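Load the model and have a selection panel ready. This tour goes from the domains to the ligand.

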Amino acid sequence: MSSKADILEKMKEAVIDLDDELLDKLITEGLDAKIGPLDMIMEGMNPGLTIIGEGFDTGKRFMSDLVIAGDMLTDATERLRPYIVSGGKAMGDTMVIGTVEGDVHFIGKRVVGAVFAANGYNVIDIGENKSAKDFVEAAKKNNASIVGASAILSPVKSYCGNINRALVNAGLRDNLIYIAGGWAFTDEQAEEYGADAAGTSAIDAINKVKKLKAGDMPRLKDR
Ligand code: B12
């Protein structure tokens, strides 16, 4: 049997080559070899996606490559989701998560949602290109204790500030944890836009939320 490193490397190559059949076989191999689903997504496939993104940036790849690679990751995440969720013990807390207005990227948001579900959260995914009003309405309706905003594109990251203001105006902000994240999201940006923390990955996000809840990391209002 191939080693974990071999399988992850082959997954990266399969994404770079846009070979969805091979990726599917490698996921089966990965599951048989008991490789964690998040390791497969973040250490295997994601580096391949990053290379395609960089190729797009420098004009070496087409938009269609981004779409195909994005679809491959979406299918893989859906296939692996039950394996991420299987350890979860329901604890009654609700997280509302969505991608901000102007942004349609959803793969990372789904991975974050799956990790929070695996940690016992009832996750309500409101979708992509969502306004501050949509976030507030969903938080109110579902009595959310966590709101997560995904902002992948640089020009839309500041929209996370609009969501914070809308949560404040609705009187919800003090009673919930607000976490923002996405490609290259920094702690400084999170602070500037009024979030309690920035999550650079799904694992980083759940770890920070656990610390914020336990009081081991101060919420923005207490800093
Ligand atoms: C796939 C992809 C697409 C797909 C999206 C498919 C889909 N359904 O999501 C499509 C083809 C639609 C697309 C479109 C565009 N894209 Co695009 N895309 C990508 C690509 C290659 C991968 C993104 C991805 O899914 N990564 C995998 C996931 C798992 O990683 P992630 O998103 O970073 O998520 C993790 C963390 O960020 C964090 N996280 C994410 N969300 C959240 C939320 C919370 C609450 C928290 C705490 C954490 C968190 O945790 C996640 C899991 O660990 C990236 C390159 C890259 N390396 O990121 C470019 C990229 C993001 N795209 C880019 C661009 C420019 C575009 C377009 C504007 C292109 C165009 N000219 O039209 C459009 C924008 C459309 C729009 N309005 O949104 C740029 C952005 C540059 C910038 N500085 O803003 C990138 C970086 C490519 C590049 N290098 O140029 N794209």
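Two residues are in contact if their C-beta atoms, placed from the backbone, lie within 7 Å. The model is predicted: local features need pLDDT of at least 70 and side-chain atom pairs pLDDT 80 or more, while totals for chains, interfaces and linings use all residues. Residue numbers start from 1 along each chain as its sequence is written.

**Domains**

Colour domain 1 (4–85) and domain 2 (94–222) separately. These bounds come from an automatic or database domain assignment. Their centres, taken over C-alpha atoms, are 25 Å apart.

**Where the domains touch**

Now select the contacts: 10 residues of domain 1 meet 10 residues of domain 2. On the domain 1 side, H3 and H4 each supply at least two residues. Helices (H or I, at least four residues) and strands (E, at least two) are DSSP runs, numbered from the N terminus. H4 gives the most to this side, with 7 residues. By class, this side has 6 nonpolar, 3 polar and 1 charged residues. Ala, Val, Leu, Ile, Met, Phe, Trp, Tyr, Cys and Pro count as nonpolar; Asp, Glu, Lys and Arg as charged; the others, Gly among them, as polar.

**Around the ligand**

Next, select residues whose C-beta atom, placed from the backbone, lies within 6 Å of the ligand. There are 41 in this shell, and the closest are Gly53, Gly108, Gly148, Gly181 and Gly199. Elements giving two or more residues include helix H5 (107–118), strand S3 (146–150), strand S4 (177–181) and helix H9 (202–214). Which helix gives the largest share of the shell? Show H3, with 9 residues. Colour the shell by class: 22 nonpolar, 15 polar and 4 charged residues. Finish with both domains on display: each gives the shell at least three residues.
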